[in-house]
Structures are given as C-alpha cells and as structure tokens.
Amino acid sequence: ILWCYISGCDGAHSTVRHILGIPFVGAAYEQEFILADVTVNQKIPKDNLTVFMNKTGILLHIPLRTNLSRLIIFDMKSINTFDKPSLTLEEIQQLSQSITGGDFQLSNLIWVSRFHLHHRAVQTYQKGRAFLAGDAAHIHSPIGAQGMNTGLQDATNLAWKIALILKYQAPQELLETYQTERQRIGEILVNTTDRLFGAVITKNYFITILRLYVMPYIMRFLVRSVCFRRRIFGFISQLNIHYHDNPFIFEKIDGADSKFLSGPQAGRRAPDAPIQNTTLFKRLREKPFNILLFYPRNQALHQLQENKILKLEKILTPMIGIHRFTEPKDHKLLYERYGITDYGSYFIRPDGYIGFRSFGSELDSLKNYLHKLFGVKSPLSIS
C-alpha cells in the first residue's frame, strides 16, 4: 500500500485548512501593532530586550545589530486602521517618544508595517491523512514569545511519526497521537497568551495601576530568584512542555525507588548531561531513536544483561542507537538527572521526548514497547 500524507504548514491563511473545511475558531484584537526596523540614536542596552510601558501604549526594543533595532509598538488608541497609509519616520518617532517619555531619536527607517493580532485555533489537527501545523493550526499574541517554537515542535512531532510509518510500517494509530499531544499544547498557548494580552490592553483602572506602577517593582524582585528565572526559562524555551500518557508513551516503574520516580517521566523532554569528552545530546544525534541503558558492571546479572542487549542491538542498530552506561562515577550528572541508582532504561524519540522508561533489569517491557511502536511483525528475539 502506498500511503500519501499532506501537512498544511501554510500559515494563518492556510489553503490546506480551507480545503479541508476545518473551522479556525477565535477572533481578531481591535488594537493596532506596528513593526519597524530602524536606527535608534539613544543609549539603550544593545544586548538586552527593553520594554517601555505607559497609558499610551507599549514599546519593545529589540537590538538586531549595532546600528539597527526592531521596534514592536502597541498603540492603545489605534483601532481598525487597515485603510491607513504607511507610517512615516516622524510619526513612529512621535509615538515612540510618547510611550518612552524620553528623547527617542530615530533615523534610517528600513521597513515598517501595521498589523492586527488574532487568537484562533482549530479544533482538530487531523482530517484523514491531512494535518495542520504551526500558524495554520493556531495563531495568538506574540506576548509569550512562543509562536515560532510551537510551530517547529508541531512539525517535528508530526514528521518523525509519518517517517516511521513510511519507512518501517509503524501502526497508523501512531499518527493519532499528533492530535492528542499537540492540540492540548496549542490550546494552552492560545488561552494563556490571550489572558496575558488582555491584561496588557485592558482599560480597567485598577489593573492599569497594577500594570504600570506595581508590576515593575514586583518583577525586579522576582527576577532575582533563581527558581523564578528557571520557571520563566522553561516556559519561554518550552522545555517544560510534556505529553500525557497515550499508547506510545508508557513507563514501567513497579518497585522503583524515590530517586527514579523523581527522574524525568515518559512524556517529558529528555535532559542533557556531559558524558566523557562530549554530551549526551551530541551522542544522540547519530541516530533518530535512542535507548539509554543503565546497569552496574560488576554484578551477577551483568553478563546475562549484556547478552540480551547484544541481541537487541543486532536487530535495531539501523534505526536505534543503544548507549550503555555502567560506571556511575564517570557519569555522575547523567545518573543524577535521570534518577538512576541501579538498573534502568529510557527510550528517547527523535523530537527529544521520552517515549518509554522502565526501572529494573528486565528488558521485556522495552521489547514490547518497541514491538508496538515499530510495528514489527515478529517478536523481537530477546530471551
């Protein structure tokens, strides 16, 4: 059977989405945004984002290079300005000065554009063998700085699953997990950014006072906290995203100790760690799928374990990298980040997420998981 698939990654006005007849539920914000690439002749940190905010609007200064900056300007007063002509340098400077409250001198306007934001999402990412990803599936305010990363993760999540089906005849139900894994992320993103953006643009008196005069002091306090910075980094980088259990996310943790239970669960992103003269992630690049096996070298089960692993490696080497770790003292941080004190195994997907983990020395659970994922017609011969 020759299977064909289509992925609509064609943006907010997706032709694929229109042809499929999938509704794009949501609405447009009334307020206007302005993007401008321009030279800013003012002493502003060139290696940091700078945000200016007052009742007039919000200005975000993004340094691009020494003599060029990108300004993202939200004008509270401009509503439904689609038919207005392009802004001039003088108009942008006047608006910038009204928001910053300073002598904001601009020159060398390279590019300027007006745009309006939407918050919309589809209710299904799949229709038959057609899929939607990125802006074709969800659009939202850029206030959370999440748009591009979310689209890339959509595409990555879908791509390896289609490739596995086409190349190794994996079960078709694997593609159903694209919907179950990514739709929840898209909904959370649209709802979160909508609430944040609503707090920014609201004209409510008390919220405005809180935003303009209280939050700056609170943020100065919060950014001093290592825990807060880690949480913000995890949110913006999307490293804290996790997937719920589904037929292809599974773990066997019977009898596991507290350290293993506190390690990264199936459905979480695999952590990196230094190993020998390189890092784990660099080692994982050699194969699309990877298995991490942790077991002590000098124990009675070692030889039996090694025999099983050799058989597994012989079958799976073309598609899966198998990485043995037998010396905790040589990989202390790796063992710590994966919660390993004794035997254990992890299976890492091409998108960097843990598809399976198990505690203990037995490999039958791993064999069964691989059998299900890869659709192997005969059982993997691990005796």
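**Close-up views of a predicted model**

**View 1. An open sheet of 3 strands has the order β1-β8-β7, and its pairing is mixed.** The edges are taken by β1 and β7 (126-127), each with a single partner strand, so one side of each is left without a neighbour in the sheet. The model shown here and in the views below is predicted. Strand β7 and strand β8 (residues 130-132) run antiparallel and are joined by 2 bridges. One residue pair to look for is Q126 with F131, its bridge partner in β8.

**View 2. S14 lies in the loop between β1 (6-8) and α1 (15-20).** The relative accessible area of S14 is 0%, so this residue counts as buried, the limit being under 20%. A polar atom of the S14 side chain lies 3.3 Å from the backbone nitrogen of V16. The side chain of S14 also has a polar atom 2.9 Å from the backbone nitrogen of R17. Both backbone nitrogens, that of V16 and that of R17, should be kept in the frame together with the serine side chain.

**View 3. The order β10-β16-β15-β13-β14 describes an open sheet of 5 strands with mixed pairing.** The edge strands are β10 (250-252) and β14 (320-325), and each of them pairs on one side only. On average, neighbouring strands of this sheet are turned by 10 degrees against each other, direction ignored. The next three views take up individual strand pairs.

**View 4. β10 and β16 pair in the parallel sense, over 3 bridges.** Within this pair, F250 stands opposite F356 of β16. Strand β16 covers residues 354-359 and is mostly covered: 6 of its 6 residues are buried. The partner strand β10 is an edge strand of the sheet.

**View 5. β15 and β16 run antiparallel and are joined by 5 bridges.** I348 has I354 as its bridge partner in β16. The two strands form a hairpin with 5 residues between them. In this hairpin G352 takes a positive phi, near 90 degrees. G352 appears again in View 8, where it is one of the residues nearest the centre of the second largest pocket.

**View 6. Strand β13 (residues 289-294) pairs with strand β15 (residues 344-348) in the antiparallel sense.** This pairing extends over 5 bridges. N290 stands opposite I348 in β15. I348 is also the residue whose bridge partner in β16 is I354, which links this view to View 5.

**View 7. Helix α11 spans residues 364-374 and has several buried residues.** Buried in this helix are S365, L366, K367, Y369, L370, L373 and F374. The list includes the lysine K367 and the serine S365. After α11 comes G375, with a positive phi near 65 degrees.

**View 8. The second largest pocket holds about 340 Å³ of space.** Its lining is made up of 21 residues, and those nearest the pocket centre are R269, R349, P350, D351 and G352. Two elements, α3 (147-168) and α8 (280-284), give two or more residues to this lining. The largest share, 4 residues, comes from α3. Sorted by class, the lining of the second largest pocket has 10 nonpolar, 6 polar and 5 charged residues.

**View 9. N108 has a positive phi, near 55 degrees, and is a residue other than glycine.** N108 lies in strand β6, which runs over residues 106-122. With a relative accessible area of 48%, N108 is partly exposed, because exposed means over 50% and buried means under 20%.

**View 10. Q276 is another non-glycine residue with a positive phi, here near 50 degrees.** The position of Q276 is in the loop between β11 (274-275) and β12 (278-279). At 62% relative accessibility, Q276 counts as exposed, because the limit for that class is over 50%.

Definitions and conventions
Residues are numbered from 1 along each chain as its sequence is written. This is a predicted model: local features need pLDDT of at least 70, side-chain atom pairs count only at pLDDT 80 or more; totals for chains, interfaces and linings use all residues. Side-chain values use heavy atoms; hydrogens and water are left out. Two strands pair if DSSP finds at least two bridges between them. Axes are lines fitted to C-alpha atoms, for helices over the stretch in contact, and angles run from 0 to 180 degrees between N-to-C directions. On a 1 Å grid over the protein atoms alone, a cavity is a set of points where a 1.4 Å probe fits but cannot get out, and a pocket is an open set with protein on both sides within 12 Å along at least five of seven lines; lining residues have an atom within 4 Å of a point. Grid points are joined across faces, edges and corners, and a volume is the space filled by probe spheres set on the points. Ala, Val, Leu, Ile, Met, Phe, Trp, Tyr, Cys and Pro count as nonpolar, Asp, Glu, Lys and Arg as charged, and the others, Gly among them, as polar. Buried means under 20% relative accessible area, exposed over 50%, partly exposed in between (1.4 Å probe, protein chains only). A polar contact is a pair of N or O atoms within 3.5 Å; within protein, one must be able to donate a hydrogen and the other to accept it, and residues adjacent in sequence count only if both atoms are side-chain atoms.
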